[in-house]
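Here is a short report on how some helices pack together. Have a look at the structure first, then read on.

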Amino acid sequence: MFMTYRAVLTAAGAAVLVVLSGGGPLHAQSVGERSGVNSLLGVSPSTADFVRMVALSDMFEIQSAKLALARSKDDSVRAFAQRMLKDHQATTMQLKEAIGGRAGIEAPPTALDQAHETKLNQLRNLKGPGFDRQYRTEQITAHEDAVSLFTRYSEGKEDQALRDFATHALPTLTEHLRMARALPITHD
């Protein structure tokens, strides 16, 4: 996705205004990551942002996969959800191993933030083909964001163990994105 310099500055300015006006919780995430500006500019996230975002992403993936397994009747959606459940449970453990309780690295969150909880609640309110469509959409967006996050962190200069974790996980996340895009687009 290409944005002009002016559009990036406008997005960054809007994010700063939201923070300065007190709108929205800070949750210890940088303005650049929260607003998406770092992603647009290809800036590597801080270690704190990376750990937080990976943990939130994995929790969302696990919970939405469980929901898909319970709600979807489509075999391809169910197979995809089973793979997401298995793979994201594994990356959660790998993240914890990469952090290893080291000083200076904040523990990952243990509950979803408001944005992910809202997405999960939207899925909870859907059934049938409507659920499958929204699940597919959420998976594509989530994995596009994850591929960007892991790519940017793996190319950064911060924590080597976490960079190795990001580099190792990136092919799997890229495969997840391909799989999400290949899910059928269901119609009512």
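In this predicted model, the largest nonpolar core has 41 residues. The residues with the most contacts inside this core are F50, L95, Y135, F150, L162 and F165. Five elements give two or more residues to the core: α4, α5 (75-99), α6 (114-124), α7 (128-154) and α8. The largest share, 11 residues, comes from α4. In soluble globular proteins, nonpolar side chains tend to be buried together.

How do α4 and α8 meet, and at roughly what angle do they cross? Helix α4 covers residues 47-71 and helix α8 covers residues 160-182. Their axes come within 11 Å and cross at roughly 40°. Angles from 35 to 65 degrees count as oblique, so α4 and α8 are oblique to each other. The crossing is left-handed. On the α4 side, T47, F50, V51 and V54 make the contact. On the α8 side, L162, F165 and A166 do so. The residues of this contact divide into 6 nonpolar, 1 polar and no charged.

Now take two single residues. The table leaves out neighbours up to four places away in sequence.

| Residue | Residues in contact (heavy atoms within 4.5 Å) |
|---|---|
| L95 | V51, V54, A55, P108, L162, F165 |
| L170 | V147, F150, T151, S154 |

L170 lies in helix α8. Is L170 buried or exposed? Its relative accessible area is 16%. Buried means under 20%, so L170 is buried. T151, one of the residues L170 touches, is 19 residues apart from L170 along the chain. Yet the C-alpha atoms of L170 and T151 are separated by 7.0 Å.

Conventions: Residues numbered from 1 in each chain as written. Predicted model: local features only at pLDDT ≥ 70, side-chain atom pairs only at ≥ 80, totals over all residues. Heavy atoms only, no water. Axes fitted to C-alpha atoms, helices over the stretch in contact; angles between N-to-C directions. Helix = DSSP H or I, 4+ residues; strand = E, 2+ residues; numbered from the N terminus. Parallel < 35°, antiparallel > 145°, perpendicular 65-115°, else oblique. Left-handed = near helix turned anticlockwise from the far one by under 90°. Nonpolar A, V, L, I, M, F, W, Y, C, P; charged D, E, K, R; others polar. Core = buried A, V, L, I, M, F, W, Y, C linked by side-chain atoms within 4.5 Å. Buried < 20%, exposed > 50% of the residue type's maximum accessible area, 1.4 Å probe, protein only.
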